[in-house]
Amino acid sequence: MDTNQAETVSNQDTTTPGQEQWTAVDRYITDHLVPRDEVLEEALEANALAGLPSIDVAPNQGKLLYLLALMKGAKRILEVGTLGGYSTIWLARALPANGRLVTLELEPKHAEVARGNLERAREAEKVDIRVGAALDLLVALHEEGAEPFDLIFIDADKKRIPAYLEWSMKLAREGTLIVVDNVVREGELINAESEDPDVQGVRAMFEMVAAEPRLSATAIQTVGSKKWDGFAMAVVVG
Ligand code: SAH
Ligand code: DHB
Ligand code: MG
């Protein structure tokens with residue numbers, strides 16, 4: 001069954017939960033477990049005001065990133081794809097006062113909005129926003145001998161995920177956690193015929209991880225306010 005067929009079936013079958021229920025359940029989860037936070041809400045408002053797309057992680061996903069960074073005791077975090085810094089604020093909050101987060105963003109306007117949001121969140125001092133093509137910036141980080149990162153969050157253009165993963169591994173150490181967002185894309189992940197370079201990028205990442213003994217990995221599908229998607233997680237084991 002192709003994904004278009006699946007979508008048609010679920011839309012006609014009122015007993016099958018869909019977007020409305022996923023969003024309602026996300027709201028329930030967030031109402032209970034993710035306390036209201038003016039700084040984060042203002043960041044999303046500032047993003048909307050500046051015309052940024054609302055493709056930030058959902059609040060409960062941001063909290064997951066925060067918890068993962070806490071679990072790792074992360075002192076150095078790398079993020080690929082800043083947008084308005086919503087996920088950046090979540091991650092930065094898990095860092096100790098002397099922790100460091102480097103986040104890479106192609107669009108100067110996104111970086112500017114992120115800077116404002118991080119300042120309002122009082123996290124700007126921990127965060128180094130670098131503007132440019134992420135691949136160039138990853139190479140530059142490697143060339144300047146950057147200390148290894150404890151957690152790396154890959155969330156930029158999906159077609160380059162394999163390249164970002166390759167360079168991330170050079171910026172990692174044994175034990176580094178690498179999280180990749182948006183790896184399911186409403187099921188397009190399993191469409192081997194897809195001509196979408198983003199889907200091809202995600203699929204190439206799975207092939208790469210499968211063949212890489214230095215990584216131990218899994219991926220989890222998610223539904224919620226950000227539709228049907230998922231994330232991959234890999235730990236550097238060697
Ligand atoms: N992590 C953010 C969302 C990032 S959206 C959050 O959850 O809040 C993806 C971002 O990647 C966009 O801001 C986009 O401009 C940026 N991007 C796209 N291509 C890029 C590239 N080649 N290098 C760096 N950033 C890129
Ligand atoms: C897109 C990018 C994201 O990082 C995301 O979480 C959702 C969508 C996109 O480019 O469409
Ligand atoms: Mg994303």
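User: What makes D155, D181 and N182 count as donors to the magnesium ion (ligand 3)?

Analyst: Distance. In this predicted model, D155 (OD), D181 (OD) and N182 (OD1) coordinate the magnesium ion (ligand 3) at 2.0 to 2.1 Å. The cut-off for a donor atom is within 2.8 Å of the metal, so these oxygens qualify. Bear in mind that water is not among the atoms, so the site may look incomplete.

User: How are the donor residues spaced in sequence?

Analyst: The pattern for the magnesium ion (ligand 3) reads D-x25-D-N.

User: Why is D181 called buried?

Analyst: Its relative accessible area is 10%, and buried means under 20%, so D181 makes the cut. N182 comes out at 14%, so N182 is buried too.

User: Where else does D181 turn up?

Analyst: In the lining of the largest cavity, along with V57, Q61, L64, L65, L68, F153, V179 and F231.

User: What makes that space a cavity rather than a pocket?

Analyst: A 1.4 Å probe fits there but cannot get out, whereas a pocket is open. The search of the whole structure turned up one cavity of 30 Å³ or more, and the largest cavity holds about 70 Å³ of space.

User: Which elements build its lining?

Analyst: α4 (59–72) and β5 (177–181) each supply at least two residues. The most comes from α4, with four residues.

User: How do you know what character the lining of the largest cavity has?

Analyst: Sort its residues by type: seven are nonpolar, one is polar and one is charged. Asp counts as charged, so D181 is the charged one.

Terms used
Residues are numbered from 1 along each chain as its sequence is written. Chains are lettered from A and ligands numbered from 1 in the order in which they are written. This is a predicted model: local features need pLDDT of at least 70, side-chain atom pairs count only at pLDDT 80 or more; totals for chains, interfaces and linings use all residues. Side-chain values use heavy atoms; hydrogens and water are left out. On a 1 Å grid over the protein atoms alone, a cavity is a set of points where a 1.4 Å probe fits but cannot get out, and a pocket is an open set with protein on both sides within 12 Å along at least five of seven lines; lining residues have an atom within 4 Å of a point. Grid points are joined across faces, edges and corners, and a volume is the space filled by probe spheres set on the points. Donors are N, O and S atoms within 2.8 Å of the metal (3.2 Å for Na, K and Ca); water is not among the atoms, so sites may look incomplete. Buried means under 20% relative accessible area, exposed over 50%, partly exposed in between (1.4 Å probe, protein chains only).
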